[in-house]
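Reader: I have a model open on my screen and would like to learn how to read it feature by feature. Could you walk me through it?

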Amino acid sequence: MNTLNVILIVLAAGLVAMGCVKADRVRGWRQSFNPSAPELPDSAFVAARVVLFGMAGVSIFSVFQFMAVVADAEWSDDELTSAVGQATAELDGTSRFGDIFGDDSGFEEEFATMIEEEVVENGGGGAPQSGVDAGSTASNKPSDADYTVMASGADAAFCVHVVRTRSKDGDYEPPGIAGNPGTVTVPNYDFAVTSRKGAC
């Protein structure tokens, strides 16, 4: 529980305590401080109690609102477990086009983004739409890579293994100019994706 919630709870408790003070005691205190002050009617105490209890209710409501906002901004272990499992199933067996120049220098960022987006997409309605990180390992290669998937708020971690295989049958060759044969081939790759609990 954060500091703001603690302050609001203490404030609510103080307001309730003030609202529970008996009218005779308040009149006695008031008389001791200002003997010439006019007598307060019972209706004033009723109105004061309504205001104090109302403010206490608002404070408690705000605590629950803040707690809900924090919960929505963080992942739970169950949410991450489910999202990683579904993301793995959806990515496994998919195909993607690669760089026409055969430059695989950006593969790590590409794979990490692919995993992070898929996990967030499968997080469900209660999970945040961000906060997922897929960290690559030092031994990664374009054809075989591991990523440790974690999320803000969750203690769990998962190792996602990605195998990328060249699939010439799925290559795309854009038509050339004026009906001439194309000179560019967009390479296609098949992905095999698995995951297990624990960091890579």
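**Reading the hairpin and beyond**

Author: Happily! Let us begin with a turn: S3 and S4 form a hairpin with six residues between them, and Gly 153 in that turn has a positive phi of about 95 degrees. Please keep in mind that this is a predicted model.

Reader: Which residues do S3 and S4 cover, and how many bridges join them?

Author: Strand S4 spans residues 158-166, and six bridges join S3 to S4 in an antiparallel run. For S3 the range is residues 144-151. Two pairs let you check the register: Val 149 stands opposite Phe 158, and Asp 144 has Val 163 as its bridge partner.

Reader: Which other strands pair with these two?

Author: On one side, S3 pairs with S2, residues 132-136, in the antiparallel sense over five bridges; there Asp 133 stands opposite Met 150. On the other, nine antiparallel bridges join S4 to S5, where Arg 164 faces Phe 191 across the pairing. As you look along any of these strands, here is the general idea: in a regular strand the side chains alternate between the two faces of the sheet.

Reader: Where do these strands fall in the order of elements along the chain?

Author: The elements run α-α-α-α-β-α-β-β-β-β from the N terminus on, and the count comes to five helices and five strands. For the chain as a whole, 28% of the 200 residues count as buried. Among contacts between residues at least 6 apart in sequence, 65% join residues at least 24 apart.

Reader: Now for charges. How many salt bridges does a search of the whole structure find?

Author: The general idea is that side chains of opposite charge can pair when their charged atoms come close. In this structure, the search finds two salt bridges. One is between Arg 164 and Asp 104, with the closest N and O atoms 2.9 Å apart. This pair links distant parts of the chain, as Arg 164 is in strand S4 and Asp 104 is in the loop between strand S1 and H5, 60 residues apart.

Reader: Is Arg 164 buried or exposed?

Author: Arg 164 is buried, because its relative accessible area is 9% and the cut-off for buried is under 20%. Its partner Asp 104, at 27%, is partly exposed.

Reader: And which side chains meet in the other salt bridge?

Author: Arg 166 and Asp 171 meet there, at 2.5 Å from N to O. Arg 166 counts as partly exposed at 36% relative accessibility, and Asp 171 also counts as partly exposed, at 21%.

Reader: What should I make of Glu 118, which is buried yet has no salt bridge?

Author: Look for the nearest side chain of opposite charge, which is Arg 96 at 5.1 Å. A salt bridge needs a nitrogen and a carboxyl oxygen within 4 Å, so this pair does not count as one. Glu 118 is found in helix H5, residues 107-121. Leaving aside residues up to four places away in sequence, Glu 118 touches Ala 87, Glu 90 and Leu 91.

Reader: Loops are harder for me to read. What does Asn 140 touch?

Author: Start with the place of Asn 140, which is in the loop between S2 and S3. Asn 140 counts as buried, because its relative accessibility is 11%. Again not counting residues up to four places away, Asn 140 touches Phe 107, Glu 108, Ala 145, Asp 146 and Tyr 147. With Phe 107 you can compare sequence and space: the two residues are 33 apart along the chain, and their C-alpha atoms are separated by 9.4 Å.

Reader: Last stop, the surface. Which residues make the nonpolar patch?

Author: Ile 100, Phe 101 and Val 184 make a nonpolar surface patch of about 310 Å². Val 184 lies in the loop between S4 and strand S5, residues 188-197. A patch residue needs over 30% relative accessible area, so Val 184, partly exposed at 35%, meets that cut-off. As for the accessible surface of the whole chain, the total comes to about 12200 Å², and 59% of this belongs to carbon and sulfur atoms.

Technical notes. Residues numbered from 1 in each chain as written. Predicted model: local features only at pLDDT ≥ 70, side-chain atom pairs only at ≥ 80, totals over all residues. Heavy atoms only, no water. Helix = DSSP H or I, 4+ residues; strand = E, 2+ residues; numbered from the N terminus. Buried < 20%, exposed > 50% of the residue type's maximum accessible area, 1.4 Å probe, protein only. Lys, Arg positive; Asp, Glu negative; His and termini not counted. Contact = heavy atoms within 4.5 Å. Pairing = 2+ DSSP bridges. Patch = residues over 30% accessible without salt bridge, like charges linked within 9 Å, V, L, I, M, F, W, Y side chains within 5 Å. Areas by Shrake-Rupley, 256 points an atom, 1.4 Å probe, with all protein chains shown as cover.
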